[in-house]
Amino acid sequence: MNKKMILHLSSHAKYNALLCILTAALLCSCSRLVIVPAGYDAALCSSFADDNISGHNIHGSLGLGGYNIVNGEVLTFPAAYIGSNRSSDGKDAIALGGFDLSEIRSNFKAARLKFYINYASSYRSNVMLFVRPIFIPWDDDTCSFSAFYLYDYDIDDYVLRPDAAADDQHSRLAVFNIRANHESDETSTVIPFAHSYKTVTINITDIIREAVKHPDKFCGLLLDPMSSLDYRYRTKNEHNEIADSGIIQIAAAEWMTFSETDRDGIRYMRNRAKGRIKYVPRIEIEY
């Protein structure tokens, strides 16, 4: 073997070694996701402050929790629901619980809350809500609005109890845009609504870092719409008018298997969510 051949092989070997190093570095740099689904959820409604409303719990006035009024008829389906958040009209919120963070290592890069929604308003361009860590144990068989909120007559608004983070420093304010729903009544009897749904993603890295450090102090997440009395609430609709929050309907676990037939005077909406929504509300941990 001549000297040129030896040099050639040596260069080729160096190239292969460099390629292996780069490939290994690339593989190490690739993100890995761990999905942590919500084990349960509850709809919180000031109009029924002491009532338990969850996806599997039929409510006397709200059906299963989510509802849609078509031609004066109330149709129900399993979804947590946020309607108007004006103090004079009451308040709605959503609690997500049952997250198992026991296997999450502290060296993760990012954590994101994701949930699938309907948005049944064509008048508001932005939706704003706080994601707040919950500090007390609860489940969707007992949770109610009054567990988290009380009414303050001095400010004419609902305020949080100490059971969830009330300060902005330990919470996350999310602002997101939703495509408007311009459906006819006929298509509004089927879930999800056509052309009005999406997956919302909210960065909650700081919240989950604290939860991993202090797991005994983390019992879920509260989706708390901003009060209309807060100046940050003041966004406008397409007509340049101050707009309310519209209606956000978050797909609960029951959406995936919902196949109820009408009973006890309650009419169920037809479900086309099967096979189209991969995950319930969840936290995605990126390493």
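Tutor: Before we look at any sheet, one convention is needed: two strands are taken as a pair if DSSP finds at least two bridges between them. Please also keep in mind throughout that what you see above is a predicted model.

Student: With that convention, how many bridges join strand β1 to β18, and how do the two strands run?

Tutor: Strand β1, which covers residues 33-37, is joined to β18 by 5 bridges, and the two strands run antiparallel. If you would like one pair to find on the screen, take V36, whose bridge partner in β18 is I283.

Student: Is strand β18 mostly covered or mostly open?

Tutor: A residue counts as buried when its relative accessible area is under 20%. In strand β18, residues 282-286, 5 of the 5 residues are buried, and the strand is therefore described as mostly covered. The cover is found on both faces, since R282, E284 and E286 on one side and I283 and I285 on the other are all buried. For the whole protein chain of 287 residues, 47% count as buried.

Student: What does the protein chain contain in helices and strands?

Tutor: There are 2 helices and 18 strands in the protein chain. Among the contacts with a separation of 6 or more, 78% are between residues 24 or more positions apart. The accessible surface comes to about 14900 Å², and 52% of that area belongs to carbon and sulfur atoms.

Student: In what order do the strands of the open sheet with β3 stand, and which of them are at the edges?

Tutor: Three strands form this open sheet, in the order β3-β4-β16, and their pairing is mixed. The edges are β3 (66-70) and β16 (267-268), and because each has a single partner strand, one side of each is left without a neighbour in the sheet. Between β3 and β4 (residues 73-77), 5 bridges are found, the two strands running antiparallel, and I69 has V74 as its bridge partner in β4.

Student: Is G66, which lies in strand β3, buried or exposed?

Tutor: G66 counts as buried, because its relative accessibility is 0%. Leaving aside neighbours within four places in sequence, G66 is in contact with L75, T76, F77 and A79. The C-alpha atoms of G66 and S54, which are 12 residues apart along the chain, are separated by 9.1 Å.

Student: How should I read the backbone angles, and which residues here deserve a look?

Tutor: The general idea is that most residues other than glycine have a negative phi, and that most peptide bonds are trans. Against that background, N71, in the loop between β3 and β4, has a positive phi near 50°, and N71 is exposed, with a relative accessible area of 67%. D156 also has a positive phi, of about 55°, although D156 is not a glycine. For the peptide bond, look at I191 to P192, which is cis with omega near -10°; P192 is placed in the loop between β12 (190-191) and β13 (197-203).

Student: What do β9 and β10 form around D156?

Tutor: They form a hairpin with 4 residues between the strands, and D156 is in the turn. Strand β9 (residues 149-152) is joined to β10 (residues 157-160) by 4 bridges in an antiparallel arrangement, with L160 as the bridge partner of Y149. D156 counts as partly exposed, at 39% relative accessibility.

Student: How does one look for a pocket, and which residues lie nearest the centre of the largest one?

Tutor: Rolling a probe the size of a water molecule over the atoms shows where empty space is left. Here the largest pocket has a volume of about 400 Å³; 17 residues line this pocket, and P133, H170, D206, I207 and E210 lie nearest its centre. Helix α2 (residues 205-213) gives the largest share of the lining, 5 residues. By class, the lining has 6 nonpolar, 6 polar and 5 charged residues.

Student: As a last case, which residues does R232 touch?

Tutor: Not counting residues up to four places away in sequence, R232 touches M128, F130, D168, L173 and M226. R232 and M128 are 104 residues apart in sequence, yet their C-alpha atoms are 8.7 Å apart in space. R232 is placed in the loop between β14 (221-225) and β15 (248-251), and R232 is partly exposed, with a relative accessible area of 28%.

Conventions:
Residues are numbered from 1 along each chain as its sequence is written. This is a predicted model: local features need pLDDT of at least 70, side-chain atom pairs count only at pLDDT 80 or more; totals for chains, interfaces and linings use all residues. Side-chain values use heavy atoms; hydrogens and water are left out. Buried means under 20% relative accessible area, exposed over 50%, partly exposed in between (1.4 Å probe, protein chains only). Contact means heavy atoms within 4.5 Å. On a 1 Å grid over the protein atoms alone, a cavity is a set of points where a 1.4 Å probe fits but cannot get out, and a pocket is an open set with protein on both sides within 12 Å along at least five of seven lines; lining residues have an atom within 4 Å of a point. Grid points are joined across faces, edges and corners, and a volume is the space filled by probe spheres set on the points. Ala, Val, Leu, Ile, Met, Phe, Trp, Tyr, Cys and Pro count as nonpolar, Asp, Glu, Lys and Arg as charged, and the others, Gly among them, as polar. Accessible areas come from the Shrake-Rupley method with a 1.4 Å probe; for residues, only the protein chains shown count as cover.
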